[in-house]
Amino acid sequence: MPIVRFSVSTSRSREVVDITRQVQEAVGSMGIEEGLACICVAHCTCAVYVNEYERGLVADVLRLIEEITTHREWQHDRIDDNAQAHLGAIAIGNSLTMPVTDSTVELATWQRILLVELDGPRQRNVLVSVVADR
Ligand code: ZN
């Protein structure tokens with residue numbers, strides 16, 4: 001099973017970055033026409049999701065994560081002071097499984113593959129693997 005890695009440099013403490021182009025290039029380089037792609041971020045305070053990359057919706061996603069993780073006395077903050085970032089990453093998830101057809105992750109018209117930085121700015125590593133249909 002081929003695995004392609006690439007890195008993304010984030011520039012803010014919290015932001016959403018469109019990584020669709022890099023993922024499609026990684027999948028296209030593997031020479032597998034049909035199968036399943038796994039897109040994974042190898043971090044504890046970073047996440048990935050698929051949805052529309054529209055400025056207002058991106059702001060809403062960050063606000064939602066802020067609202068469900070803020071204003072509490074998290075135990076992890078006693079040792080690392082970034083419980084919010086971990087909990088946001090857990091809520092969104094760190095991997096995606098997506099169908100591959102014609103050597104491309106199949107996406108609907110408005111769907112994009114989006115990385116969520118929750119404790120940046122940092123360099124983030126993305127792993128893309130594809131399991132062939134046969
Ligand atoms: Zn931590």
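Is Asp18 buried, partly exposed or exposed? Select Asp18 and keep the question in mind. The model on screen is a predicted one.

**Stop 1: Asp18**

Asp18 has a relative accessible area of 21%, so Asp18 is partly exposed. The cut-off for buried is under 20%. Asp18 sits in strand S2.

Now show its side-chain contacts. The side chain of Asp18 makes a polar contact with the side chain of Thr20, at 2.6 Å. Another polar contact joins the side chains of Asp18 and Arg112, at 2.8 Å.

Expand the selection to contacting residues. Leaving aside residues up to four places away in sequence, Asp18 touches Tyr53, Arg112, Ile113 and Leu114.

Try a distance next. Pick the C-alpha atoms of Asp18 and Leu118: they are 15 Å apart in space, with these positions 100 residues apart in sequence numbering.

**Stop 2: the sheet**

Switch to cartoon view. Select residues 15-18 for S2 and 46-51 for S4, then 112-117 for S7. These 3 strands make an open sheet, ordered S2-S7-S4, with antiparallel pairing. S2 and S4 stand at the edges. Each has a single partner strand, so one side of each is left without a neighbour in the sheet. Neighbouring strands are turned by 30° against each other on average, direction ignored.

Zoom in on the pairing of S2 with S7. The two strands run antiparallel and are joined over 4 bridges. Pick Val16 to see one pairing: its bridge partner in S7 is Val116.

Add residues 55-69, which form helix H2. H2 packs on the sheet and touches S2, S4 and S7. The direction of H2 makes about 135° with that of S2.

**Stop 3: the zinc ion**

Centre on the zinc ion. Which protein residues supply its donors? Select His76, Asp80, Asn82 and His86. The donor atoms are NE2 in His76 and His86, OD in Asp80 and OD1 in Asn82. They lie 1.9 to 2.2 Å from the ion. Along the sequence, the donor residues follow the spacing H-x3-D-x1-N-x3-H.

Check the angles at the metal. For four tetrahedral donors the ideal is 109.5 degrees. Here the 4 donor atoms subtend angles of 91 to 155°, so the arrangement is irregular. A tetrahedral label needs all angles between 85 and 135 degrees.

Finally, colour two of the donor residues by accessibility. His76 has 28% relative accessibility and so counts as partly exposed. Asn82, at 11%, counts as buried.

Note on methods. Residues numbered from 1 in each chain as written. Predicted model: local features only at pLDDT ≥ 70, side-chain atom pairs only at ≥ 80, totals over all residues. Heavy atoms only, no water. Pairing = 2+ DSSP bridges. Axes fitted to C-alpha atoms, helices over the stretch in contact; angles between N-to-C directions. Contact = heavy atoms within 4.5 Å. Donors = N, O, S within 2.8 Å, 3.2 Å for Na, K, Ca; no water. Tetrahedral: all angles 85-135°; square planar, octahedral: opposite > 155°, others 65-115°. Buried < 20%, exposed > 50% of the residue type's maximum accessible area, 1.4 Å probe, protein only. Polar contact = N/O pair within 3.5 Å; in protein donor to acceptor, adjacent residues only side chain to side chain.
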